[in-house]
Amino acid sequence: MAAAAEAAESLPRRVGFVGAGRMAEAIAQGLIRAGKVEAQHVLASAPTDRNLCHFRALGCQTTHSNREVLQGCSLIFFATKPHVLPAVLAEVAPVVTAEHILVSVAAGVSLSTLEELLPPTARVLRVSPNLPCVVQEGALVMARGRHAGSSEVELLRTLLEACGQCEEVPEAHVDVHTGLSGSGVAFVCTFSEALAEGAIKMGMPSGLAHRITAQTLLGTAKMLLQEGQHPAQLRTDVCTPGGTTIYGLHALEQGGLRAAAMSAVEAATCRAKEISRK
C-alpha cells in the first residue's frame, strides 16, 4: 500500500511515446482521461503525421524526432512495430540516462534483447497490452528487467491501471498472455458472433442479437471479476436439471468448443514464442 501511494505521488510529469499507433494512442488516452498525466505533457514521435494527428487531437505534443522524446521525458513507451524496434533503440541509446524508465509494448521482443541494445544499467520493463485498452478495459501484464525495481513496477502499475487491469508476471508468462488475452479478443469476438448468429437463425433481428450477446458477455465478465467465482461455479448456477442451458451445453460439448478454445490459446502462444525466438 505504501509503495502504491509513493508511486502515485511520484507520477512522471512528462510521458513520451516512440511510435504512435493504436496501442500507443490507447495508453495515452487512458492516462489522460484518468488524470495521471496532462495532455500537454505527453510527447509522441513517429516518422509521419499519419498517426500523430490522433495524438494532437488529444492535446498532446508531437515530433518526428525519437531522440527529442527521450530528451524531454523521463518515462518512455516504445510502441513501434517489433521489427523496427532494434534500429530505434540503437538510435536513441546515446541519449538514455539513469533518469529514464523505458517500457516496451512491442510484441515478441524479449527483455534480454532490449537490455542488449540499451546502456548497461538502463531500467527496462516489458508490457503486453490488449485492444480493450482503447476503452480503458484492457488486460495488461508487465515484466521487469534486471535493473528495474519495485518502485518502477509500482509506478507503471499505477499509470497503467488507467487502461484496465495490470499485473506483474514473470517474463515467461508474457507470451502466454499474448495467446490468451491479446489474441483472445478475436477468439471472444468469434464466439460472440456465433452466439448472435444462433439467435438470428431462430428469428431474432441481427442488431438486437449482437447487442444482447455483447451485454451477456459484459455482465458475465463482471460477475466473474467482482464475485471472484470460478467459471464452473457460475455455469452451475445457471444450469438447472433438465432446463434449456444443459441442452445447450451438451451441444457445445458435441461441437468441441472447450478443446477448440484450449487449442486456440496454445496455438497463439506457440506462435508468440516462435516470434520471440526470431
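Phe17 counts as buried (under 20% relative accessible area with a 1.4 Å probe, protein chains only), because its relative accessibility is 0%. This is a predicted model, where local features need pLDDT of at least 70, side-chain atom pairs count only at pLDDT 80 or more, and totals for chains, interfaces and linings use all residues. Residues are numbered from 1 along each chain as its sequence is written, and side-chain values use heavy atoms, leaving out hydrogens and water.

**Aromatic rings**
- Searching the whole structure turns up two aromatic pairs (ring centres within 6.5 Å).
- Phe17 and Phe55 have ring centres 5.6 Å apart and planes at 55 degrees, so this pair is tilted (neither under 30 degrees, which is stacked, nor over 60, which is edge-to-face).
- That pair joins distant parts of the chain, with Phe17 in strand E1 (residues 15-18) and Phe55 in helix H3 (residues 49-57), 38 residues apart.
- Phe17 and Phe77 are stacked, because their planes meet at 15 degrees, with centres 5.1 Å apart.
- Phe77, in strand E4 (residues 75-78), lies 60 residues from Phe17, and Phe77 is buried at a relative accessible area of 1%.
- Together, Phe17, Phe55 and Phe77 form a cluster linked by ring pairs.

**Helix packing**
- Helices H9 (residues 184-201) and H10 (residues 206-227) have axes that come within 9 Å and cross at roughly 135 degrees.
- That makes H9 oblique to H10 (outside under 35, 65 to 115 and over 145 degrees).
- Contacting residues (heavy atoms within 4.5 Å) include Phe191 and Leu195 of H9 and His210 and Leu217 of H10.

Conventions
Axes fitted to C-alpha atoms, helices over the stretch in contact; angles between N-to-C directions. Helix = DSSP H or I, 4+ residues; strand = E, 2+ residues; numbered from the N terminus. Phe/Tyr/Trp six-rings, centres within 6.5 Å; stacked < 30°, edge-to-face > 60°. Buried < 20%, exposed > 50% of the residue type's maximum accessible area, 1.4 Å probe, protein only.
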